[in-house]
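Subject: Handing over the structure

Dear colleague,

I am passing this structure on to you, and I have set out below what was found in it. Please have it open while you read.

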Amino acid sequence: MAANVARTIRNHTLANVLAVPQLLDAWKTGLDKAHDDRLEYGGLVYEDGGVLHFKGPKKGAETFNMVEYVGKELPAGKNPIAVWHIHDEPGRVGACKPSDGDVSNARNQWGHMFYLVITGRTEPAKGFPGQNRFKDVAPAGSTFKAWYVGLENEKL
Ligand SMILES: [Zn+2]
C-alpha cells in the first residue's frame, strides 16, 4: 500500500496524493481509453499554495511524451508532485509493469516527483524480475496496477 512509501515531496506523502479521488478516477477513465485506443495516456499532479491539482488523462501516442506534456501542462512557478502514464496493452505481460526506461526516468529526469505507471494486471505468478524497483500502490481490490517506481536506493 501507498502508506509504505516513506518519501515525501513538498510535505506530501504518496498516500496523501492517492487519497484524492480525482486521481483514481482519472486512472480508471484513462485505462479504458488507453486500452480502447491502444495508445498511452498520462497525467500530472502539481501543488499550488499547498493544494494538489490534477491533470489528465491526456491522450499520448505509442509511448507517452512526458517531457512535452509536463512542459505544456505544468503552470509556470507551480511545484510538480507526481507524473503518471498508462500502458496501453493490458494483456501483454511485459507491458503490465514499468519498463527499464521508466525505472531510469524515475531515478533521473523525474527523480524530484513521484513516478507512477498504471497498467493492466497480467503478471506472472512469481512477479516480475527486478520488482524490488517498483511497488503496486493501487487500492486493494483494484482491477489495475499502479506501480510506484522508486529511486536508486529507496527501500520499497
Ligand atoms: Zn512506461
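What follows goes from the overall fold to the sheet, the helices and the core, and ends with some backbone details.

Please keep in mind throughout that this is a predicted model. The protein contains four helices and eight strands, and along the sequence these follow the pattern β-β-α-α-β-β-α-β-α-β-β-β. The C-alpha trace spans about 45 × 35 × 30 Å along its principal axes. For 156 residues a compact globule would have a radius of gyration near 15 Å, and the 14 Å found for the protein agrees with that. Buried residues make up 35% of the 156 residues, and among the contacts with a separation of 6 or more, 64% are between residues 24 or more positions apart.

The sheet is a good place to begin. It is an open sheet of six strands in the order β4-β3-β5-β6-β8-β7, and the pairing within it is mixed. The edges are taken by β4 and β7 (134–136), each of which has a single partner strand, so one side of each is left without a neighbour in the sheet. From one strand to the next the twist averages 20°.

At one edge, strand β3 (residues 41–48) and strand β4 (residues 51–59) run antiparallel and are joined by seven bridges, with Tyr41 standing opposite Lys59 in β4. These two strands form a hairpin with two residues between them, and Gly49 in the turn has a positive phi of about 60°. At the other edge, β7 pairs with strand β8 (residues 145–149) in the antiparallel sense over three bridges, and here Lys135 stands opposite Tyr148 in β8.

Turning to the helices, α2 (residues 21–37) lies across β3, β4, β5 (79–86), β6 (114–119) and β8, and its direction is at about 10° to that of β4. In α4, the residues Asp102, Val103, Asn105 and Ala106 are buried. Viewed down the axis of α4, its buried residues fall within an arc of 165°, so they line one face of the helix. These buried residues pack against β6 and β8, while the face of α4 turned away from the buried side carries the exposed residues Asp100 and Gly101.

In soluble globular proteins, nonpolar side chains tend to be buried together. Here the largest nonpolar core has 35 residues, of which Ala82, Phe114, Leu116 and Ile118 touch the most other members. At least two residues of this core are supplied by each of α1 (14–18), α2, β3, β5, α4 (100–107), β6 and β8. Ala82 shows how distant parts of the chain meet: leaving aside its neighbours within four places in sequence, Ala82 is in contact with Val17, Val45, Met113, Phe114 and Leu116.

One residue of α1 may also be worth finding in the view, namely Asn16. Asn16 has 15 C-beta neighbours inside 10 Å and therefore counts as partly exposed. Its C-alpha atom is separated by 9.5 Å from that of Leu52, although Asn16 and Leu52 are 36 residues apart along the chain.

The last points concern the backbone. Most residues other than glycine have a negative phi, and most peptide bonds are trans. Against that background, Arg10 has a positive phi of about 50° although it is not a glycine, and Asn11 likewise has a positive phi, near 70°. Arg10 is found in the loop between β1 (8–9) and β2 (12–13), and Asn11 lies in the loop between β1 and β2 as well. How exposed or buried are Arg10 and Asn11? With 13 C-beta neighbours inside 10 Å, Arg10 counts as partly exposed, whereas Asn11, with 8 such neighbours, counts as exposed. Finally, the peptide bond from Gly56 to Pro57 is cis, with omega near 10°, and Pro57 is found in strand β4, which is one of the two edge strands of the sheet.

With best regards

Methods: Residues numbered from 1 in each chain as written. Predicted model: local features only at pLDDT ≥ 70, side-chain atom pairs only at ≥ 80, totals over all residues. Pairing = 2+ DSSP bridges. Axes fitted to C-alpha atoms, helices over the stretch in contact; angles between N-to-C directions. Contact = placed C-beta atoms within 7 Å. Core = buried A, V, L, I, M, F, W, Y, C linked by C-beta atoms within 7 Å. Buried ≥ 20, exposed ≤ 12 C-beta atoms within 10 Å, placed from the backbone. Arc of directions from axis to C-beta. Rg over C-alpha atoms; globule rule 2.2 N^0.38 Å.
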